[in-house]
Amino acid sequence: MSKSEELKKIHTELRENVPDISGVMIASYEGLSIATDFPEDEAIRIAAVSAAASGLGNRISGNAALGEPEEVMVKGKDGLMLIYLAGEKGVLAVRASARGNLGLVRLEASEAAKEVTRILNM
Amino acid sequence: MKAELTENILNQIPDSVRFNQDDAAALVAHQSFLLSLEDELVKGFYDHLYAHETTRKIFTDDEREAREKTLRDWYQRTLSGPFDTHYWEWQTLVGLVHIKRNVNNAMVAGMWGWLQTFLGQHVLEKLPSEEALKVIKAVHALQAVVMALISESYQRNMFTAVDKAAGLNEALLYRLVSIEIDEMLAQAR
Ligand code: HEM
C-alpha cells in the first residue's frame, strides 16, 4: 500500500469507528492538506490553521512546562476540533460533535495520530 | 547578524546587475570629490527628515548631531570600501537598528531616492559624463543591494521570530499568507 493509501485508510477507519467525528484532516507541518474529507475550499484553510494550532500548542506546552505536547482542543458551541502533532512532519485534526462521546473521539484520534506519525516517517 | 542570511539575500539579485567591483572602483576613484559633498549631503538629508512631521517624530529633541555623525561615518566608510561580507552584514544590521526606532522601509527608500538624485546632480555637473554615469550606476546598484538587505532581512527575521514565539514555521507562514493573498487578489480583480 502506498503512503497516501495508508493515510486514506486511517482516515476512513476513524470515520467508520467514531460516528461523532464529522471531519478528519491529515496535513503536513507546512499546512498542506494530505488526506481529508473536508470540502476542498474549507480544507485549504483547515490544513493551514491545524498546523498553526499544533505549532502554537507546542510553544504553549513548552513555555508553561506542560511536558511533551499531546493535543490541542478548540471548543465551540456547536462542536470541537482536536489537533494532534503527528511527529515532526504532520498533524492530525478531527472535528467532532460537542455532545458526542469525547472519550472515544480522543482515544481513537490519538491512536490514529501515532499511525500517521509512523507512516509520515517511513 | 548571520552571514548566511546576508549571502542568501545578495544571491537573489542576478550577478549581472548586482553591485560589483566596477561599481566599487567608481566610488573609490571619485572618493575625494564625493567626500567634498558630505556637509551638504548630511545637512540636506536631515533637513528633509526634520521638515516632515512623520519622520521628525522619529527623533528625540537632542538627537540631530548624533544622527549626522552616524550618516557621516556611514558615507565615509562606504566611499572607502571594501564592499565585503562585513560591509553588507553591517547594512543588514543598520536595517534592524532602524526598525528598532520605528524607521520603516518607506522612509529609508524615500531618502535613498533623495540621496541618489543629490549625488547624481553633483557628479553630472562636475565630472566628465562617462565618469559621472559610472558613479550614478554604482550608487543605484548600492541602493538596490542595501534596500534588498533591509527589506528581506526584516521579513525573514520577523518570520523567525514568529516561529520562535508562536511555533509557526516559515513554510507554514508562507502558506497562510499565500492563502490570504489569493483571496485578496480574487477580490481585487
Ligand atoms: C539612505 C538612508 C539611510 C541610511 C544610509 C542610514 C544610515 C544609518 C546608519 C549607518 C545608522 C547607524 C547604525 C548603527 O548603529 O550602526 C543609522 C541610525 C539611525 N538612523 Fe538612519 N539611515 C537612513 C535613513 C534613515 C531615515 C529615513 C531615518 C528616520 C526617518 C533614520 C533614522 C535613524 C535613527 C533614529 C538612527 C539611530 C538608531 C539608534 O541607534 O537608536 N535613518 N542610520
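These notebook entries record what I looked up in a predicted model with chains A and B and a ligand.

**Entry 1. The iron site**

I began with the iron atom of the ligand and asked which protein atom serves as its donor. The protein supplies a single one, NE2 of His98(B), at 2.0 Å. I then located His98(B) in the fold and found it in helix H7 of chain B, which covers residues 85–100. A polar side-chain atom of His98(B) also lies 2.8 Å from a nitrogen atom of the ligand.

**Entry 2. Surroundings of the ligand**

I next listed the residues around the ligand and obtained 19. Those that come nearest are Arg67(B), Trp90(B), Val97(B), His98(B) and Arg101(B). I looked up polar side-chain atoms beside ligand oxygen atoms for two of these residues. For Arg101(B) the distance to an oxygen atom of the ligand is 2.9 Å, and for Trp90(B) it is 3.3 Å.

**Entry 3. The contact between the chains**

I turned to the interface and noted 13 residues from chain A and 14 residues from chain B in the contact. Together the two chains bury about 1,100 Å², of which 58% is on carbon and sulfur atoms. On the side of chain B, the residues losing the most area to chain A are Leu172(B), Arg175(B) and Ile179(B), which together account for 39% of what that side buries.

I then asked how many salt bridges join chain B and chain A. The count is 3. I recorded the one between Arg45(A) and Glu180(B), whose closest N and O atoms are 2.9 Å apart. Polar contacts between the chains amount to 7 residue pairs, both residues being at pLDDT 80 or more.

I also checked which elements of chain B form its side of the contact. Helix H9 (129–166) and helix H10 (170–188) each supply at least two residues. The largest share comes from H10(B), with 7 residues. By class, I entered 7 nonpolar, 2 polar and 5 charged residues for this side of chain B.

**Entry 4. Backbone geometry**

Finally, I looked up departures from the usual backbone values. Most peptide bonds are trans, and most residues other than glycine have a negative phi. In chain B, I found a cis peptide bond between Gly81(B) and Pro82(B), with omega about -5°. Pro82(B) sits in the loop between helix H6 (64–80) and H7 of chain B. In chain A, Ala65(A) has a positive phi, near 50°. Ala65(A) belongs to the loop that runs between helix H2 (40–63) and strand S3 (72–75) of chain A.

Terms used
Residues numbered from 1 in each chain as written. Chains lettered and ligands numbered in written order. Predicted model: local features only at pLDDT ≥ 70, side-chain atom pairs only at ≥ 80, totals over all residues. Heavy atoms only, no water. Donors = N, O, S within 2.8 Å, 3.2 Å for Na, K, Ca; no water. Helix = DSSP H or I, 4+ residues; strand = E, 2+ residues; numbered from the N terminus. Contact = heavy atoms within 4.5 Å. Buried area = accessible area lost by both parts, 1.4 Å probe. Salt bridge = Lys/Arg side-chain N within 4 Å of Asp/Glu carboxyl O. Polar contact = N/O pair within 3.5 Å; in protein donor to acceptor, adjacent residues only side chain to side chain. Nonpolar A, V, L, I, M, F, W, Y, C, P; charged D, E, K, R; others polar. Near = heavy atom within 4 Å.
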